[in-house]
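Visitor: I have a chain in front of me and some questions about how it is put together. Could you walk me through it?

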Amino acid sequence: MAPAFFTLFMVAFVAIGALNVLKPRAMACHQMRVRYGAKGDVEFSDSRIMMQRVISLIILVVGVWWMLTSGFL
């Protein structure tokens, strides 16, 4: 059994990967502020969101595989 810190890290790693797969736009959006107090939302293109989803799915699979084979649970 791994120490609690490593178990929590792996759970957070898998949770962030799952959120990136399920809600990539919400995980990637951020606000932009300029010098004069104006602000706006930055939206990414559909191809960037698709690549984020694919890479996050790979990270999710690796994280779950690592958790199950390393005895984290």
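The questions below go from the overall fold to single residues.

Visitor: In what order do the elements of the protein chain run from the N terminus on?
Guide: This is a predicted model. The protein chain has three helices and two strands. From the N terminus on, the order is α-α-β-β-α.

Visitor: What share of the contacts in the protein chain with a separation of 6 or more comes from residues 24 or more positions apart?
Guide: Glycine 63 and valine 14 give one example of a long separation, at 49 residues apart in sequence. Their C-alpha atoms are 5.7 Å apart in space. For the protein chain, residues 24 or more positions apart account for 60% of the contacts with a separation of 6 or more.

Visitor: Is glycine 63 buried or exposed?
Guide: Glycine 63 sits in helix H3. Leaving out residues up to four places away in sequence, it touches Met10, Phe13 and Val14. Buried means under 20% relative accessible area. Glycine 63 has 0%, so it counts as buried.

Visitor: Which element gives the most residues to the largest nonpolar core?
Guide: That core has five residues: Met10, Val14, Val21, Leu60 and Met67. The elements giving two or more residues to this core are H1 and helix H3 (46-69). With three residues, the largest contributor is H1.

Visitor: Which residues does valine 21 touch, not counting residues up to four places away in sequence?
Guide: Valine 21 belongs to the largest nonpolar core. Leu60 is another member of that core, and valine 21 touches Leu60. The full list is Arg53, Ser56, Leu57 and Leu60.

Visitor: Is the aromatic pair stacked, tilted or edge-to-face?
Guide: A search of the whole structure finds one aromatic pair. The ring centres of phenylalanine 9 and phenylalanine 13 are 6.1 Å apart, and the planes are at 35°. Planes under 30 degrees apart would count as stacked and over 60 as edge-to-face. At 35°, the pair is therefore tilted.

Visitor: Where do phenylalanine 9 and phenylalanine 13 lie?
Guide: Phenylalanine 9 is partly exposed at 43% relative accessible area. Phenylalanine 13 is partly exposed at 29%. They are four residues apart, about one turn of the helix, and both lie in helix H1 (residues 4-22).

Visitor: What is the distance between the closest N and O atoms of aspartate 46 and arginine 25?
Guide: Side chains of opposite charge can pair when their charged atoms come close. The structure holds one salt bridge. A side-chain nitrogen must lie within 4 Å of a carboxyl oxygen. Aspartate 46 and arginine 25 form the bridge, with closest N and O atoms at 2.4 Å.

Visitor: Which of the two, aspartate 46 or arginine 25, is exposed, and which is partly exposed?
Guide: Aspartate 46 is in helix H3 and arginine 25 in helix H2 (residues 24-28), 21 residues apart. Exposed means over 50% relative accessible area. Arginine 25, at 39%, is partly exposed. At 56%, the exposed residue is aspartate 46.

Visitor: How much area does the nonpolar surface patch cover?
Guide: Met50, Met51, Val54, Ile55, Ile58, Ile59 and Val62 make this patch. One of them, isoleucine 55, is in helix H3. Isoleucine 55 counts as partly exposed at 44% relative accessibility. The patch comes to about 600 Å².

Visitor: What share of the accessible surface belongs to carbon and sulfur atoms?
Guide: Of the 73 residues in the protein chain, 21% count as buried. The accessible surface of the protein chain is about 5700 Å². The share belonging to carbon and sulfur atoms is 72%.

Key:
Residues numbered from 1 in each chain as written. Predicted model: local features only at pLDDT ≥ 70, side-chain atom pairs only at ≥ 80, totals over all residues. Heavy atoms only, no water. Phe/Tyr/Trp six-rings, centres within 6.5 Å; stacked < 30°, edge-to-face > 60°. Buried < 20%, exposed > 50% of the residue type's maximum accessible area, 1.4 Å probe, protein only. Core = buried A, V, L, I, M, F, W, Y, C linked by side-chain atoms within 4.5 Å. Contact = heavy atoms within 4.5 Å. Patch = residues over 30% accessible without salt bridge, like charges linked within 9 Å, V, L, I, M, F, W, Y side chains within 5 Å. Areas by Shrake-Rupley, 256 points an atom, 1.4 Å probe, with all protein chains shown as cover.
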